[in-house]
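Colleague: Could you take me through the place where the ligand sits, and then the parts of the chain around it? I'm new to this, so take it step by step.

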Amino acid sequence: MTAPMITGWGKCLPPAVLSNADLERLTDTSDAWISTRTGIKGRRISHAETSDLAAVAGRHALAAAGLSPAEIDLVIVATCTPDRLVPSAAALVQAKVGAVRAAALDLNAACSGFLYGLVVADQMVRTGSMRRVLVIGAEKLHFFLDFTDRATSVLFGDGAGAVVVEPSEEEGGLLSFELGTDGTAADILCIAGSGTEGAPAAERRPRVEMEGPTVFRRAVEAMGEASARVLEKAGLTVADVDLLIPHQANRRIVEATARRLGLDEGKVMVNLEAYGNTSAASIPIALAEALEAGRVGAGARLLFAAFGGGLTWAAAVYRWGARVAPLEVSEAALPPTSRSGRDLLEPNVVFYGKGG
Ligand code: UT7
């Protein structure tokens, strides 16, 4: 049996930046607090929809794999911020990239969604039921942020990342994985009132709500423990890990997870200072940037770990193949905009009011 491998990768970051200084003017916060408590300096605010971000990232991943869109059998979009409930964001992406033969589905496991999607793709390809799968993590989270709530609004950002999974003659791919959920803790991180349960309290627009310190503690525990178990399942130790690519929620969470594992700081991919927490998009964006920066070598052993609303968590050990450069490069890009991050927040500010 040939191993399913990632053969293409790509990302899409919308151009408009919202800085910590911009947030100081919206809510009762400071650059000093955000920088020291989270490591985040800026985040992107999208003028386009989730499916647009996803389609651009997907096109880059297809080019990197040297594939045409018609060669894709399945499009998975991991997201908790789809353009609409029906049709799925994946159906919109299927049309936007021209993956005319592909089935399409959304997968919502919040910030763990990309790893859930990667595992689904791997298993589909492994059984032979699908040959080529495009897995995308994409979010337009700012839509659900109340910028008067300093506990949540400073953390999140928009973006997308994508990979192509297909059979390969190489040794490697996904060596082990763990997917977990604790639905009893659903309310500690949620977008209440965003579905059939109706309007949230006080007729507010659905917004991200979070018990930050509880989520923090559970994130470190779950990512640390799941990572240790997947390493053991793969017959490896922490010393074998070349790079940890964790969900980019908070620098302190990432550092605490690495410390718990006993992993060197230099073996951890962190890019959250530029993008904040992009939920399902954070790991594929970090993977694409790790490849661009030459931090993933041929045969590298990668450890992925994620945690998010649900509560969900996921970890995986992945052995990279021989090729670390894209086969082709795509010109795909979002339509241009001259609007600033602050301009793009106006609908949120009109709705919730301006705090601070
Ligand atoms: O993707 C997975 C989902 N999300 C996460 O993983 C996030 C997990 N949680 C966290 O990252 C952290 O808990 C936060 C960054 C959300 C909060 O950091 P913390 O160190 O846990 O702070 P805290 O909530 O314990 O708050 C400490 C203080 C409080 O003030 P008092 O009560 O000590 O006077 C907060 O009101 O910091 C205050 N605070 C802020 N101050 C300025 C909370 N948010 C802010 C803010 N700016 N943005």
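Modeller: Let's begin at the ligand and then move out into the rest of the chain. Keep in mind that this is a predicted model.

Start with the big picture. The domain assignment splits the protein chain into domain 1 (3–171 + 332–352) and domain 2 (174–319). Notice that domain 1 is written as two stretches of sequence, 3–171 and 332–352. The C-alpha centres of the two domains are 15 Å apart, and their contact takes 56 residues from domain 1 and 47 residues from domain 2.

So where is the ligand? It lies between domain 1 and domain 2, because both of them give residues to the shell around it. That shell holds 23 residues, and the closest are Thr29, Arg37, Arg150, His247 and Asn277. Sorted by class, you get 13 nonpolar, six polar and four charged residues.

Now zoom in on some atoms. Arg37, one of those closest residues, has a polar side-chain atom 2.7 Å from an oxygen atom of the ligand. With Gly212, the backbone takes part instead: one of its polar backbone atoms is 3.1 Å from a nitrogen atom of the ligand. Pro213 also uses a polar backbone atom, which sits 3.4 Å from an oxygen atom of the ligand. As for coverage, the ligand on its own has 940 Å² of accessible area, and the protein covers 72% of that.

Which elements build the shell? Those giving two or more residues are helix 2 (31–38), helix 6 (150–153), helix 7 (212–233) and helix 8 (251–261). Helix 7 gives the most, with four residues.

Let's stay on helix 7 for a moment, since Met223 is found there. Is Met223 buried or exposed? Its relative accessibility is 1%, and anything under 20% is called buried, so Met223 counts as buried. If you skip its neighbours within four places in sequence, Met223 is in contact with Ile253, Thr257, Ala305, Ala306 and Phe307. You can also compare sequence with space here: Met223 and Val254 are 31 residues apart along the chain, while their C-alpha atoms are 9.2 Å apart.

For the opposite case, look at Ala333, in the loop between strand 13 (312–319) and helix 11 (341–344). Its relative accessibility is 57%, and exposed means over 50%, so Ala333 counts as exposed. Ala333 and Gly8 are 325 residues apart in sequence, and from C-alpha to C-alpha they are 17 Å apart in space.

Next comes helix 10 (282–292). Ten of its eleven residues are buried, so helix 10 is largely enclosed by the rest of the structure. The buried ones are Ser282, Ile283, Pro284, Ile285, Ala286, Leu287, Ala288, Glu289, Ala290 and Leu291. Just past the end of helix 10, Gly294 has a positive phi of about 75 degrees.

On the other side of helix 10, the loop that joins helix 9 (272–275) to helix 10 holds Ser279. Phi of Ser279 is near 50 degrees, a positive value in a residue other than glycine. Ser279 is also buried, because its relative accessibility is 2%.

Ala110 is another residue to check for its backbone angle. Its phi is near 50 degrees, again positive and again in a residue other than glycine. You'll find Ala110 in the loop between strand 5 (103–107) and helix 5 (113–127). With a relative accessible area of 12%, Ala110 is buried too.

Finally, look at two peptide bonds. Going from Val86 to Pro87, the bond is cis, with omega near -5 degrees. Pro87 sits in the loop between strand 4 (74–78) and helix 4 (89–97). The bond from Gly310 to Leu311 is cis as well, with omega near -10 degrees, and Leu311 is in the loop between strand 12 (301–308) and strand 13.

To pull it back to where you started: the ligand lies between the two domains, since each gives residues to its shell, and helix 7 is the element that gives the most.

Notes:
Residues are numbered from 1 along each chain as its sequence is written. This is a predicted model: local features need pLDDT of at least 70, side-chain atom pairs count only at pLDDT 80 or more; totals for chains, interfaces and linings use all residues. Side-chain values use heavy atoms; hydrogens and water are left out. A residue is near a molecule or strand if one of its heavy atoms lies within 4 Å of it. A polar contact is a pair of N or O atoms within 3.5 Å; within protein, one must be able to donate a hydrogen and the other to accept it, and residues adjacent in sequence count only if both atoms are side-chain atoms. Accessible areas come from the Shrake-Rupley method with a 1.4 Å probe; for residues, only the protein chains shown count as cover. Ala, Val, Leu, Ile, Met, Phe, Trp, Tyr, Cys and Pro count as nonpolar, Asp, Glu, Lys and Arg as charged, and the others, Gly among them, as polar. Domain bounds come from an automatic or database domain assignment. Buried means under 20% relative accessible area, exposed over 50%, partly exposed in between (1.4 Å probe, protein chains only). Contact means heavy atoms within 4.5 Å.
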